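Q: Could you take me on a close look at the ligand site in this model? I would like to know which residues surround the ligand, and then what lies in the rest of the fold.

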Amino acid sequence: MTLLDPHWNEPVLRQTSDRELNGTSASLGVLMGNVFRRTSGRGWRLRRRSMQLWPRWVQALQAFETGLTLQTGLLQIAADRESATRMGALAEQRSDLGLELQTSEQVRTIWPTALHGALHSSADGRINPLQLQIALRRALLQESVQPLATRVVQLERDGSRWRVHHAEGESTCHDCVVICSGLSAGALLEPLGHSLPISPVLGQALSLQLKEGPTTWMNWPAVLIDQSFNLIPDGPGRLLLGATVEPGTEAADDPLALMRTLNDNAPEWLRSASVIEHWSGLRARPVERPAPLLNVLEPGLIVASGHYRNGVLLAPATAEWISTALQEP
Ligand SMILES: Cc1cc2nc3c(=O)[nH]c(=O)nc-3n(C[C@H](O)[C@H](O)[C@H](O)COP(=O)(O)OP(=O)(O)OC[C@H]3O[C@@H](n4cnc5c(N)ncnc54)[C@H](O)[C@@H]3O)c2cc1C
């Protein structure tokens, strides 16, 4: 098995001045599976399956990166009475999955502005996406995977096989090709007659150093979500903040300011925190199709891209889907 990626030989870092971050390095690694609103369909099945597989994945991957952990506990603040009612109904349906509605009293110590309570999910949470990639890279090297640090520029049918053209002019031939190259998947497929356009959606994130406030994170969940902003304790006095979804590919200042003040609802300790890191990345969103794109397009031609906002969450279920697709005749 061959893995082709132009950045294979580069270290997994967020601070890269010379190149765009891949989606996974830019992500916050939030795993919002069990709190998904829908209760049927592919989106729910993939989330449910990923949440079942994550504990096993982390256990296996710890052999390659001991610091990798599943940071559990996700608290979603109810915006108003209606959303609290919806959350209550979901908590009742999924109590077996660890969902529970909490009152404003219960969450007061960590989030005093939660006037309508919050939904707590004990199994959802977060994984560090940089440690995850490091673990996966080391695990791949233990398997019979041959990494090639190159960009694929073209795919071509070659009898019953696929010829993969590299940026340096060479090519390799394979029985099966799995395209999981995020935003560039559409461009590789277009010349083969498969129109699966994917558009970029910008996301920004901040790492903050707190001067005051809950610096020890006592009783905090791994992730707190207020108005779709994610707050992630990241060690003593440190917090990751993210989740704006902006059209286009250019980072703008306004959404960043909104994020820092949580639309003018941020506690003082958050407003006074200083920014120690700011990064942005592109989410790959399929055009007029639900995310993700998981399709066998022709014999031996598989696409698993366009995961938009949930590619880290859906990694285990995606890998399982690919494995099944590869075994089918
Ligand atoms: C700011 C931000 C926050 C996010 N937060 C979360 C979150 O909390 N939880 C979550 O689940 N998801 C989150 N996401 C979404 C998530 O990051 C993506 O869905 C996921 O990382 C996509 O993974 P991927 O492997 O498909 O793509 P990528 O991680 O982008 O990897 C694609 C790889 O393909 C390689 N490649 C590209 N073109 C070629 C080519 N022609 N030939 C060979 N290789 C190629 C690239 O070098 C790259 O390594 C976030 C995204 C952003 C931008």
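A: Happy to: here is a walk through the ligand site, followed by the nonpolar cores and a few backbone details. Please keep in mind that this is a predicted model.

Let us begin with the shell. The ligand is surrounded by 29 residues, and D5, G23, T24, V30 and S184 are the closest. By character, the shell divides into 14 polar, eleven nonpolar and four charged residues.

Several backbone atoms meet the ligand's oxygen atoms. For G23, a backbone N or O atom lies 2.8 Å from a ligand oxygen, and for L313 a backbone N or O atom likewise lies 2.8 Å from an oxygen atom of the ligand. At G29, a polar backbone atom is 3.3 Å from a ligand oxygen. The ligand taken alone would expose 1000 Å², and the protein buries 87% of that. Two elements give two or more residues to the shell, namely α1 (23-26) and β16 (274-286).

Now for the nonpolar cores. The largest has 23 residues, of which W111, L231 and W269 touch the most other members. At least two residues of this core come from each of β3 (71-77), β11 (198-209), β13 (229-233), β14 (238-242) and α8 (268-271). Looking at W269 itself, and leaving aside residues up to four places away in sequence, its contacts are W111, L210, E212, G213, P214, W217, W220, L231 and L239. A second, separate core holds 20 residues, including L28, V30, I232 and W279. V30 thus turns up twice, in this second core and among the residues closest to the ligand.

Finally, some backbone geometry is worth a glance. Most residues other than glycine have a negative phi, and most peptide bonds are trans. S228, in the loop between β12 (223-226) and β13, has a positive phi near 70°. Its relative accessibility is 44%, so S228 counts as partly exposed. Y308, in the loop between β18 (301-305) and α9 (315-327), also has a positive phi, near 50°. Y308 counts as buried because its relative accessibility is 18%, under the 20% limit. The peptide bond from A291 to P292 is cis, with omega near -5°, and P292 is found in the loop between β16 and β17 (293-298). That brings us back to β16, one of the elements that supply the ligand shell.

Conventions
Residues numbered from 1 in each chain as written. Predicted model: local features only at pLDDT ≥ 70, side-chain atom pairs only at ≥ 80, totals over all residues. Heavy atoms only, no water. Core = buried A, V, L, I, M, F, W, Y, C linked by side-chain atoms within 4.5 Å. Buried < 20%, exposed > 50% of the residue type's maximum accessible area, 1.4 Å probe, protein only. Helix = DSSP H or I, 4+ residues; strand = E, 2+ residues; numbered from the N terminus. Contact = heavy atoms within 4.5 Å. Near = heavy atom within 4 Å. Polar contact = N/O pair within 3.5 Å; in protein donor to acceptor, adjacent residues only side chain to side chain. Areas by Shrake-Rupley, 256 points an atom, 1.4 Å probe, with all protein chains shown as cover. Nonpolar A, V, L, I, M, F, W, Y, C, P; charged D, E, K, R; others polar.
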